[in-house]
Amino acid sequence: MTTEIAVLNKTGVALAADSAVTVAAGTQSQKTRNTANKVFALSKHAPVGIMIYGAAEVMGVPWETIIKMYRHSLGDKKFATLQPSCINYDVSGIVFRKVIKKQINKNSVSENCRSIIAPFAQSNDVTIFIEGMGPDIVRMIKQKLFELMTFNIPNTSTDELQQKFSFSKAESEKVKNMLEDIGTGGFEKVVRELDAYRRHRYVAPILNAIESLQKDELAFVAENFVNMVSFRKQVSHEAETVGGPIDVAVITKGDGLIWIKRKHYFDRSLNHHFFSKYFAGERNEK
């Protein structure tokens, strides 16, 4: 598993991901390694990045290989908007468009939504930080409230209503339905107020702060969200499925994709040729 985060405002977007990857070690055991690359530049020339999690391969081919082959074939070609890039990638990289299009529609900065924090994969700890409580706690509270305000009312049998109030059977059923409707309405009102309080007390202040962050601050926030999840894994009895070096990139319209932190499996000082020929192939083809 993994934790990945995207922090967006009108300045740009910061992407951060850990390096943990869990692989099967035999039939009944698993091994976690902190060596995986999960953040990539989708183009050498356009400000587009991509993060992967879940399945590491498609039809036996690693996602990293697919992405880099697409990037090579793309060359210096650019698209007017992000969505055509994703559709084009779907043609070259198989089952990708549906996933990306969903995230485009869900997470876009606009005049009415000026900042976004979008966690992926193991996102529970990030949600707790942002919203003040985890989704599991929210579900439990809502379930208990619903049981308290609706389920106990119909348990009063029609016979009891008939005996205590001399109601007919039809009248007893009507009263039970009315009480259940009142309980349901009360439950919905409490849930709306709870959600509004969480947004006002926890979510809004954080998003308001994110709105004014500069590029380096976006990167700092994204990295520390991943660090936070990794730390909790270390001090709990859960498997440490989040950890290792954190890759961080910032994407802006003007600067493109800039690496803030990027691990390499090789020594940079011994591989100057790798960096010198990064764009060389495209220049030679022109």
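Okay, one term before anything else: a residue is buried if its relative accessible area is under 20%, exposed if that value is over 50%, and partly exposed in between. With that in hand, buried residues make up 35% of the 286 residues in this protein. And please keep in mind that we're looking at a predicted model.

Right, the overall layout. The protein has ten helices and eleven strands. If you take contacts between residues at least 6 apart in sequence, 60% of them join residues at least 24 apart.

I'll start with the sheet. What is the strand order? It's an open sheet of five strands, and reading across you get E9-E1-E2-E10-E11, with antiparallel pairing. At the edges sit E9 and E11, the latter being residues 256–261, and each of those pairs on one side only. From one strand to the next, the twist averages 15°.

Now zoom in on E1, residues 3–9. How many of its residues are buried? Seven of seven, so to speak: the strand is mostly covered. If you look at which way they point, Thr3, Ile5, Val7 and Asn9 go one way while Glu4, Ala6 and Leu8 go the other, and all of them are buried.

E1 has partners on two sides, and let me take them in turn. E9, residues 115–121, runs antiparallel to E1, and seven bridges join the two. One spot to click on there is Ile5, which has Pro119 of E9 standing opposite. Then there's E2, residues 13–17, also antiparallel to E1, with five bridges between them. Those two strands make a hairpin, and three residues sit between them. For register, Glu4 has Ala17 as its bridge partner in E2, and Val7 stands opposite Ala14.

Next up, helix H8. Does the length hang together, or how would you check it? Here's the arithmetic: H8 is residues 215–234, 20 residues, and at 1.5 Å a residue it should span 28 Å; the end C-alpha atoms come out 29 Å apart, which agrees. Where does H8 sit? It lies across E1, E2, E9, E10 (residues 247–252) and E11, and runs at about 155° to E1. Quite a list of H8 residues is buried, including Leu218, Ala219, Val221, Ala222, Phe225, Val226 and Val229. Glu223, Ser230 and Lys233 are buried in H8 too.

Let me stop at that lysine. Lys233 lies in helix H8. Why does Lys233 count as buried? Its relative accessible area is 6%, and the cut-off for buried is under 20%. As for company, leaving aside neighbours within four places in sequence, Lys233 is in contact with Gln122, Glu238, Ala239, Glu240, Thr241 and Val242.

H8 also packs against another helix, H4, residues 124–131. The angle between H4 and H8 is about 115°, and their axes are 9 Å apart. The crossing of H4 past H8 is right-handed. Which residues meet there? From H4 you have Asp125, Val126, Phe129 and Ile130, and from H8 there are Phe225, Met228, Val229 and Arg232. By class, that contact has six nonpolar residues, two charged ones and no polar ones.

Staying in H4, have a look at Ile128, which lies in that helix. Ile128 counts as partly exposed, at 34% relative accessibility. Beyond its neighbours within four places in sequence, Ile128 is in contact with Met133 and Gly134. Here's a pair to put a distance on: Ile128 and Tyr202 are 74 residues apart in sequence, and their C-alpha atoms are 9.7 Å apart in space.

Last topic, backbone torsions. Which non-glycine residues should we look at? Met59 has a positive phi, about 55°, although it isn't a glycine. Met59 lies in the loop between E7, residues 57–58, and E8, residues 61–62. Met59 is exposed, with a relative accessible area of 73%.

Ala121 is another one: phi is near 65°, again a positive value in a residue other than glycine. Ala121 lies in strand E9, and with a relative accessible area of 25% it is partly exposed.

To wrap up with the picture I'd keep in mind: a five-stranded open sheet with antiparallel pairing, H8 lying across those strands, and H4 packing against H8 at about 115°. That's it from me.

Key:
Residues numbered from 1 in each chain as written. Predicted model: local features only at pLDDT ≥ 70, side-chain atom pairs only at ≥ 80, totals over all residues. Heavy atoms only, no water. Helix = DSSP H or I, 4+ residues; strand = E, 2+ residues; numbered from the N terminus. Expected span 1.5 Å × (residues − 1). Buried < 20%, exposed > 50% of the residue type's maximum accessible area, 1.4 Å probe, protein only. Axes fitted to C-alpha atoms, helices over the stretch in contact; angles between N-to-C directions. Left-handed = near helix turned anticlockwise from the far one by under 90°. Contact = heavy atoms within 4.5 Å. Nonpolar A, V, L, I, M, F, W, Y, C, P; charged D, E, K, R; others polar. Pairing = 2+ DSSP bridges.
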